[in-house]
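Let's take a walk through this model, starting at its ligand and ending with some backbone details.

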Amino acid sequence: MSSNPLKQPETCSIGVDGVRQRLHDAYGALEWWPADNPFEVMVGAILTQNTTWSNVELALQNFAGQLSPQFIDQIEPTALSQIIRPAGYYNQKAIYLKAVTAWFGHYNYDADQVKQQSLEHLRSELLAVRGVGPETADSILLYAFEMPTFVVDAYTMRLCRRLPIPAGTTYSAVRHYFMDRLPTSVALFNDFHAQIVNNAKDHCRAKPICEDCPLGDCCQRLGL
Ligand code: SF4
């Protein structure tokens, strides 16, 4: 679709919180992350890099009930890479998993000990771990340790471009834009990120299905 700048507002008319509310009303509460414990969230956050969640599930199944920090710590990287092979980039990810597990080991593999630290401190530590970029760090902090940080992913960036939401073009800018405009709430950040991903899968795909999209009436559909 071609765009006519004379007819388009600079920003999505309902704002960031309006988008959140609209998606929540459409899809209901989404309870993320699909994991049994904080360590499984950490592992999933690494494994999901550059692959689909269905491949992550295949990799997780290969642990056959043995997934634990102690298991990752002790297993040889080459053996670990074969277990996680379905997730792709398995040699790299085996190294990343061992690195993030070593970080968790500084807290005796105890989520409660992790949570005693500040968000800023933990975020800075995680960003120094091999294989952990901002999206992975924020996913771990929000979904494993229930810290109030907003996760930005490719779906968030795409949504911002299309509505549009003038949040910027870098991870940091978009994260701050959302966090500055939303109540600081773990539950809200958790649900909103899940809603954005859900809508991206149902509607706002690379080739979007705009019909019946909950954001259809306020979306400028830029860049299509
Ligand atoms: S209306 Fe279309 S472009 Fe806009 S958010 Fe929905 S699916 Fe994406």
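A residue counts as near a molecule if one of its heavy atoms lies within 4 Å of it. By that rule, in this predicted model, the ligand is surrounded by L159, R162, H203, C204, P208, I209, C210, C213, G216, C219 and R221. This shell divides into seven nonpolar, two polar and two charged residues. The ligand takes up the space of the largest cavity.

Now to the packing. In soluble globular proteins, nonpolar side chains tend to be buried together. The largest nonpolar core here has 69 residues, and W103, F145, I165 and F178 touch the most other members. Helix α2 (residues 38–47) gives the most to this core, with seven residues. Domain 1 (5–31 + 150–218) and domain 2 (38–144) both contribute residues, so the core lies between them.

Helix α2 is also where F39 is found. With a relative accessibility of 5%, F39 falls under the 20% cut-off and counts as buried. Its C-alpha atom is 8.4 Å from that of A111, although the two are 72 residues apart along the chain.

Finally, the backbone. Most residues other than glycine have a negative phi, and most peptide bonds are trans. Which places in the loops depart from this? The table shows them.

| Site | Feature | Loop |
|---|---|---|
| W32–W33 | cis, omega about 5° | W33: between α1 (15–27) and α2 |
| L163–P164 | cis, omega near -5° | P164: between α10 (154–162) and α11 (171–181) |
| N50 | positive phi, about 60° | between α2 and α3 (53–61) |
| A64 | positive phi, about 50° | between α3 and α4 (69–74) |

N50 is exposed, at 65% relative accessible area, and A64 counts as exposed too, at 62%.

Notes. Residues are numbered from 1 along each chain as its sequence is written. This is a predicted model: local features need pLDDT of at least 70, side-chain atom pairs count only at pLDDT 80 or more; totals for chains, interfaces and linings use all residues. Side-chain values use heavy atoms; hydrogens and water are left out. On a 1 Å grid over the protein atoms alone, a cavity is a set of points where a 1.4 Å probe fits but cannot get out, and a pocket is an open set with protein on both sides within 12 Å along at least five of seven lines; lining residues have an atom within 4 Å of a point. A molecule sits in a cavity or pocket if more than half of its atoms lie within 2 Å of its grid points. Ala, Val, Leu, Ile, Met, Phe, Trp, Tyr, Cys and Pro count as nonpolar, Asp, Glu, Lys and Arg as charged, and the others, Gly among them, as polar. A nonpolar core is a set of buried Ala, Val, Leu, Ile, Met, Phe, Trp, Tyr and Cys residues joined through side-chain atoms within 4.5 Å. Buried means under 20% relative accessible area, exposed over 50%, partly exposed in between (1.4 Å probe, protein chains only). Helices (H or I, at least four residues) and strands (E, at least two) are DSSP runs, numbered from the N terminus. Domain bounds come from an automatic or database domain assignment.
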